[in-house]
Amino acid sequence: MTDLAHIRNFSIIAHIDHGKSTLADRILEITGTIDPRDMKEQILDKMDLERERGITIKAQAVRIAYTARDGQQYQLNLIDTPGHVDFTYEVSRSLAACESAVLVVDAAQGVEAQTVANAFLAIDNDLEIIPVLNKIDLPAVNVPEAELEVHELTGATPEEILRISAKTGEGVVDVLEAIVQRTPAPAGDPEGAPRALIFDSVYDQYRGVIAYVRVVDGAFNVREQVDMLGTGQTAEIEELGHFGPEMVADKRLAIGEVGYIITGVKDVAQVRVGDTIVTHKRRAAERLPGYRVVQPMVFCGLFPTEGDKYDELRDALEKLALNDASLAYEPESSRALGFGFRCGFLGLLHMDIIRERLEREYDLELLATTPNVEYHAIVTSGEAVIVRNPAEMPDEGVIDHVEEPYVRASVLVPTEFVGTIMELCQGRRADFVDMQYLSPERVQMHYQLPLSEIVLDFFDQLKSRTKGYASLDYELSGYRQSDLVKLEILLAGEAVDALSLIVPRGAAHARGKALVQKLRQKIPRQLFEVAVQAAIGSRVVARETVKAKRKDVLAKCYGGDITRKRKLLEKQKEGKKRMKQVGVVEVPQEAFLAVLEIDSSGKTR
Amino acid sequence: MSGPAVRHLYVHVPFCRAKCDYCDFYSLPVGDDGSARRRMAEYIEALHAEWAATAARYDVQHLHTLYLGGGSPSLLGPELLDRLLAPFAPLLSARSEVTVETNPEDVDDAFALWAAPGIAVGAAADSRCPVRVSLGVQSFISSLRAALGRAAAADPEAAFTRLRMTGCENVSIDLIYGIPGQTLADIARELIKVAFLAPDHVSWYELDLDHATPLAWRLDSGDRIDDDDDEERAAMYVRIVHGLEDFGFRWYEVSNFAQPGKRARHNIAYWRGRPYLGLGPAAVSTVGATRWRNRPDAAGYAAALDEGPEPERDYERLSVADRARERLFLAARMGAPVSLTLIAPALDEAAVEPLAQAGLVSLRGGTLTVTRKGRYVANAVCVRLFRDSCI
């Protein structure tokens, strides 16, 4: 056991691609934590998806033994956090397990939206910030400019800002020294009733849930009875230990240390991020601050493209949910798409990741409906109806008003794009809050805007209109009343539930028109003429027609051709399986994605 | 003679002057050297051997139709044609239908004079069966024939006239639409020629680029034909149907039109699911639930029959559902009523009602008929009618 004075718990935070994982790799290498033969890029990111996308999805921890220039040996615990806005809560808990954060800023890019968001999260958690300018080996860097921005953000003096190249290793030892010198040793009561903070949890099919913990008070021992204060779960510690970076079993995990606890609990929802573990024997009464159950913000329907894969999809979702307490799903049946699930996600990235994992790891082909947020429809009786699927929106006649979630968005851009951003935000129902200059060249703008606009295309538009220079971060700020309507799509007179949308009343006409035009292009000619209509309630706002086929015959058919012709027709029949039958209309699966190709002003993207 | 009765015989003659770019039938170009006649003689000998073995297994006492396809059977010339037909002639009668395919470049005086009086058939010495000539015109417009990669420059109109002048009373022509570069005006020009020449029967096919022909490769048929192109072809098709009907032709199958009494009985036998035998390399036979195809290899064919009774064959077993689907789609192409009981194993009953509502099929007395309106989209109608689970 290391005495408290020689423990340093830190994390590394950064905007995407600023070099967080590279710095972590170098630190592990230099300190000999990883054998050079086992070294590979992004060593802490274990999932293929993380490596491919260059992102961190799950938090990781690793214990590092480091002999500092003062000749003393320290136990450094590095907690690697996800960086994306979808996982803000997870990041905040990981940070809560640390005393300092190394803030990595790409010297060429400067401070970006996630740099700011993560820095504020760290400051909120009372962490010591160790600012680092990375990539100084690159020719295009503007160190003074970046220093100024970091100073504005953190108050750090130029002397306190380290200049490194994580790629070449230059300055990395100075980072380690700064961690030792500037990170406060863990506080807490070594003799107090034991408490540990869960900052992540993963499911292992053989061992059950593995809780990643930071011991805040006292110590935990194998075979002790423990309780989770938030969920009320009781269990016995089967194994505990630290990460090296693989799991290494110990007998005891003491104050200030970071490690893992396995209890045999099988459900991640019972071992939640942010919860407090206490012992049965000396039961601490007070929960560590900051525990909450995160709620999904974005919803979409997931349907197997082949109807008979429903059970496989359910099994796959069950398995993913074992490892991801924030993934919500419930059965949904669509007249058009058959049986599937309405799934809830923390955000768009989370949704993307889950979908991709379902397709890759479980070999499922999925059709996802347009993502939407959770609306609250207040009906005339005063009751609030939760609407996570546009098809569930009550009739206009019984609705008093509808509320939708708003976010407080922070946009960081070079000053030349301020006009562009204002223009974009105007078209997105965004209310301007304020604007701050981070440096003469960069400005931070705050807006209140509907989350649904972000879900629709705000981020894509932001990126494309600013040539990629803008960055975005946001947090939920609450529900607000909005003038929204349900836009329904009818094929041959029948409403198609999976194509329903909730849109601002003012945009309904343009969106409806664009959507039916798109659908007309995506639906092949049928044996019958098909009317494609967009309607609000019983009022049709746009109409297109898919004309009937005029000719569909095979050429000559002689004795020798009969088998070939029959097989051709059979193949076409087989191909129809990929079509969804909506009443008498056969709709190709791509048509259900047409909604995604229309932007909020009704233009095709 | 025993076994099931078969009344329809197809003979594949795998020789042609030169291979055309759109052709997917099995044939070998013959050169002008002396080897051609020797190979033809060998082929006829092998064909007779195959016939002897086949005829022993079926009741083939009478043949209602005999079809010589190719290739270009007329290339054999009168002497070899007579030799080839010798074993079949006694089984034919004056009321049988004997069709010989030919191409404009192969219609010389000798062939026309051979075909015109018909062939001697049956036991009685003076009984003759007329020869129906099927002439592969493809297009009356020379630039379009060139676009198809037709190797020969012969004038189809002259060939047709030669047949008529020598006295051939039953002549069918083959035409193609949807040739790259072909316009609606071109279709009108072809129709005017048809009206002027007045053949007894017209087969007018859409150019099929679905498989491995040089033309398909050249046009890179991997790309889906776009919607505009489809529209253009639909307009051509409608024009052809209406145009030929105005001249008294009956539209009795998707691609086939006949003057009264001149429908192709051999093809109708295929389309009604009658048993048929096919001889020669690449020929297909279907009897009951068995379909087999001789390997498309002329040398291998001759060699195999030199040694044993059968050439190499690929067999296919037709399931009840396969046969039901075939009955359905072949009947659909003819607009012929088909018994619901017969097609039940292939039918999605739920699909019938909406199609009937739309006037694409009609139901009467336990039969289903694809209507005239439905025949234009017979493919899609059949695909819709097919049941899912039986595939």
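Me: Where is A:Ser452 found in chain A?

Reply: Happy to help! In this predicted model, A:Ser452 belongs to helix α10 of chain A, which covers residues 451-465.

Me: Is A:Ser452 buried or exposed?

Reply: The idea is to count neighbours: 20 or more other C-beta atoms within 10 Å make a residue buried. A:Ser452 has 27 C-beta neighbours inside 10 Å, so it counts as buried.

Me: Which residues does A:Ser452 touch, leaving aside those up to four places away in sequence?

Reply: Those are A:Asn372, A:Val373 and A:Glu404. You can also look at A:Tyr406: it is 46 residues from A:Ser452 along the chain, yet their C-alpha atoms are separated by 8.1 Å.

Me: Let's try another helix. Which residues of α6 in chain A are buried?

Reply: Helix α6 spans residues 172-182, and its buried residues are A:Val172, A:Val175, A:Leu176, A:Ala178 and A:Ile179. Now look down the axis of α6(A): these buried residues fall within an arc of 160°, so they line one face of the helix.

Me: And how do I read a pair of helices? At what angle do α3 and α4 of chain A cross?

Reply: Follow the two axes. Those of helix α3 (residues 88-96) and helix α4 (residues 113-124) in chain A come within 9 Å and cross at roughly 45°. That angle makes α3(A) oblique to α4(A), and their crossing is right-handed.

Me: Which residues make the contact?

Reply: From α3(A) come A:Val91, A:Ser92 and A:Leu95, while α4(A) brings A:Asn118, A:Leu121 and A:Ala122. Sorted by class, this contact of α3(A) with α4(A) has four nonpolar residues, two polar ones and no charged ones.

Terms used
Residues numbered from 1 in each chain as written. Chains lettered and ligands numbered in written order. Predicted model: local features only at pLDDT ≥ 70, side-chain atom pairs only at ≥ 80, totals over all residues. Helix = DSSP H or I, 4+ residues; strand = E, 2+ residues; numbered from the N terminus. Buried ≥ 20, exposed ≤ 12 C-beta atoms within 10 Å, placed from the backbone. Contact = placed C-beta atoms within 7 Å. Arc of directions from axis to C-beta. Axes fitted to C-alpha atoms, helices over the stretch in contact; angles between N-to-C directions. Parallel < 35°, antiparallel > 145°, perpendicular 65-115°, else oblique. Left-handed = near helix turned anticlockwise from the far one by under 90°. Nonpolar A, V, L, I, M, F, W, Y, C, P; charged D, E, K, R; others polar.
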